[in-house]
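Please open the structure in a viewer and keep the selection panel at hand. The tour below proceeds stop by stop, stating what to select and what is found there.

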Amino acid sequence: MKLYQHPFSTFSRRVRIALLEKKIDAEVVEVDMPARAHRAEPYLSLNPYGRVPTLVDDDLVLYESTAILEYLEAKYPQPPLVPADIKGRALVSMKMKVCDLQMTRQAGVIIFAKRFVPETSWRREEMAKASKEIDRHFAVLDRELAGKEYLVAGRYTLADVCYVPFLEFLPLLEVDVPANVRSWSERLLSRPSSVATKPAR
Ligand SMILES: N[C@@H](CCC(=O)N[C@@H](CS)C(=O)NCC(=O)O)C(=O)O
């Protein structure tokens, strides 16, 4: 099994966390993104959208980090990163989707600019709008996390995994971080799989 990824990639980090949590032995291949290898052959034959991560397992080529996480869960169910019951699993799916709809695009606007774009070229209006949307999402998460350590069923699941790479950059987001979100974030970021995959910058 091969994972094509980049160490600075938030979406790739989700998959590397799952590999570590499940102790899956996969070959991790770094795509030379600074040299635009993700936008050129042979990589485009694997992932026509030119993004990381991509997982290759024999004849299966999978891109989209959430699909990859679900595949790894199905192929390597131990230790489980989803609850055993179908209602719990449905909630995990819902929260993974919500993370992508309400958090990753908005956080990406800010995180990408602040990590990789000179300040003179920042699109400040777009970044401010993204911060507001994250504020609203955090207000919902804060209510949902009240009295809970994790998003679903009182246990660490793929839903939490999806958020980790984005919570890493909380200080960049210029949002008010409510108390329950802050303690959940600290709990997630202190897991060994998060520490081991923390990007160098
Ligand atoms: N929805 C995709 C997003 C993947 C994605 O946007 N990856 C970024 C790196 S974190 C990328 O490859 N960007 C390069 C580009 O779009 O040119 C997923 O969940 O895997």
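**The ligand and its pocket**

Begin by selecting the ligand: the space it takes is the largest pocket. The model is a predicted one. Next, display the residues around the ligand, namely Ser9, Thr10, Phe11, Met33, His38, Arg39, Gly50, Arg51, Val52, Pro53, Glu64 and Ser65. Coloured by class, this shell shows four nonpolar, five polar and three charged residues.

Which side chains place a polar atom 2.7 Å, 2.8 Å or 3.4 Å from an atom of the ligand? Select Arg39, where a polar side-chain atom lies 2.7 Å from a ligand oxygen. Move to His38, which has a polar side-chain atom 3.4 Å from an oxygen atom of the ligand. Then select Glu64, where the partner is a nitrogen atom of the ligand, 2.8 Å from a polar side-chain atom. On its own the ligand has 510 Å² of accessible area, and the protein covers 76% of it.

Now widen the view to the whole pocket. The volume of the largest pocket is about 1000 Å³. Its lining comprises 33 residues, of which Ser9, Thr10, Phe11, Met33 and Val52 are the closest to the centre. Select helix 1 (10–21), helix 3 (65–75) and helix 4 (86–116) in turn, since each supplies at least two residues of this lining. Which helix gives the largest share of the lining of the largest pocket? That share, 10 residues, comes from helix 4. By class, the lining of the largest pocket holds 14 nonpolar, 10 polar and nine charged residues.

**The second largest pocket**

Stay with helix 4 and add helix 5 (124–145) to the selection: each supplies at least two residues of the lining of the second largest pocket. Helix 4 gives the most to this lining, with three residues. The residues to select are Val109, Phe112, Ala113, Val117, Ser121, Trp122, Arg123, Glu126 and Met127. Six of these lining residues are nonpolar, one is polar and two are charged. The volume of the second largest pocket is about 150 Å³.

**The cavity**

Rolling a probe the size of a water molecule over the atoms shows where empty space is left. How many cavities of 30 Å³ or more does the structure hold? There is one, and the largest cavity contains about 30 Å³ of space. To locate it, select Pro7, Phe8, Ser9, Thr10, Arg13, Arg115, Pro165, Phe169 and Pro199, which line the largest cavity. This lining has five nonpolar, two polar and two charged residues. Ser9 and Thr10 belong to the lining of the cavity and also to the residues around the ligand.

**Backbone features**

Most residues other than glycine have a negative phi, and most peptide bonds are trans. The last three stops depart from this pattern.

- Select Val52 and Pro53: a cis peptide bond joins them, with omega of about 5°. Pro53 is placed in the loop between helix 2 (43–46) and strand 3 (54–57), and both Val52 and Pro53 are among the residues around the ligand.
- Select Gln78 and Pro79, which are also joined by a cis peptide bond, with omega of about -15°. Pro79 lies in the loop between helix 3 and helix 4.
- Finally, select Lys23, in the loop between helix 1 and strand 2 (27–30). Although Lys23 is not a glycine, its phi is positive, at about 55°.

Conventions:
Residues numbered from 1 in each chain as written. Predicted model: local features only at pLDDT ≥ 70, side-chain atom pairs only at ≥ 80, totals over all residues. Heavy atoms only, no water. Near = heavy atom within 4 Å. Polar contact = N/O pair within 3.5 Å; in protein donor to acceptor, adjacent residues only side chain to side chain. Areas by Shrake-Rupley, 256 points an atom, 1.4 Å probe, with all protein chains shown as cover. 1 Å grid on protein atoms, 1.4 Å probe; cavity = no way out; pocket = protein on both sides within 12 Å on 5 of 7 lines; lining within 4 Å. Sits in = over half its atoms within 2 Å of the grid points. Nonpolar A, V, L, I, M, F, W, Y, C, P; charged D, E, K, R; others polar. Points joined across faces, edges and corners; volume = space filled by probe spheres on them. Helix = DSSP H or I, 4+ residues; strand = E, 2+ residues; numbered from the N terminus.
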